[in-house]
Amino acid sequence: MKLSPTILPSELKKRLLNCYLVSGDEPLLVQESLDLIRQASFDAGFTVRENYDQSQSIDWQEILSASNNLSLFSEKKIIEIRLTSIKLGREGIKNIIELTQRLNEDLMLVISAPKIDKATLASKWCQFFQDEGGFVQIWPLKKNELPLWLEKRMMTVDLTAKKETILMLAHRVEGNLLAASQAIEKLKLYLGEGSVSEADMQKVVSD
């Protein structure tokens, strides 16, 4: 199932799938999508999480052993793999496919990866997540989409601002959503809630 970051929260409330692939080059949105999946899985009883990072040299045999290490009375487990490259090689592809074949009601697989190209989208392992699991594909916001994203982000923390004030923030962060999120957090600490003036915004973004 293909999922966008905007519909992911509602889909997680409807049902929790046993595997997810989160892909994209926008770190904040990737991290927030992963956090939502983790929280939903924890609420569903998956209290054990084992993390593996490709940047630290993945031991596929260790991961496969972890997926096998489930007993009748063991806690539900999530295996989370962070890929820093989608060039997995034959061994990586083979082992991910084997992992997907071991999934059950007590074992979940969550993979995060950089932007996935067209060839990888058509590969067997990636197709599995699109057909049987959840595939969250994250795209960078376009320049004209950023102000609306900022406005909605501010509203989630009970802040509002005029168009000109939001455009000031959009210009300052230059598409960096992490910096934008941090600026909104500062505004929240500074004001608590309510309307953000241009002076308020100037004070935060100039810091």
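Helices here are DSSP runs of H or I with at least four residues, strands are runs of E with at least two, and both are numbered from the N terminus. The model is predicted, so local features need pLDDT of at least 70, side-chain atom pairs count only at pLDDT 80 or more, and totals for chains, interfaces and linings use all residues. Residues are numbered from 1 along each chain as its sequence is written, and side-chain values use heavy atoms, with hydrogens and water left out.

**Exercise 1.** Work out which residues of helix α8 are buried, and what they pack against.

*Solution.* Start with the span: α8 covers residues 163-173. Next, apply the cut-off: buried means under 20% relative accessible area (1.4 Å probe, protein chains only). That picks out T165, I166, M168, L169, A170 and V173. An α-helix has 3.6 residues a turn, so residues three or four places apart point the same way. Now look for partners, taking contact as heavy atoms within 4.5 Å. The buried residues of α8 pack against α7, β7 (159-161), α9 (177-191), β8 (194-196) and α10 (198-205). Finally, step off the end of the helix: just after α8, E174 has a positive phi of about 50°.

**Exercise 2.** Describe the surroundings of T120.

*Solution.* First place T120: it's in helix α5, residues 118-121. Then check exposure: a relative accessible area of 10% makes T120 buried. Its side chain has a polar contact of 2.7 Å with that of D117. (A polar contact is a pair of N or O atoms within 3.5 Å; within protein, one must be able to donate a hydrogen and the other to accept it, and residues adjacent in sequence count only if both atoms are side-chain atoms.) Leaving out residues up to four places away in sequence, T120 touches I86, W125 and C126.

**Exercise 3.** Find which element gives the most to the lining of the largest pocket, then do the second largest.

*Solution.* A pocket is an open set of points on a 1 Å grid over the protein atoms alone, with protein on both sides within 12 Å along at least five of seven lines; lining residues have an atom within 4 Å of a point. For the largest pocket, 20 residues make up the lining, and P5, T6, L29, L141 and W149 are the closest to its centre. The top contributor is α7, with 5 residues.

On to the second largest pocket: it has 18 lining residues, with V30, Q31, L34, R82 and S112 nearest its centre. Here α2 gives the most, again 5 residues.

Notes. On a 1 Å grid over the protein atoms alone, a cavity is a set of points where a 1.4 Å probe fits but cannot get out, and a pocket is an open set with protein on both sides within 12 Å along at least five of seven lines; lining residues have an atom within 4 Å of a point. Buried means under 20% relative accessible area, exposed over 50%, partly exposed in between (1.4 Å probe, protein chains only).
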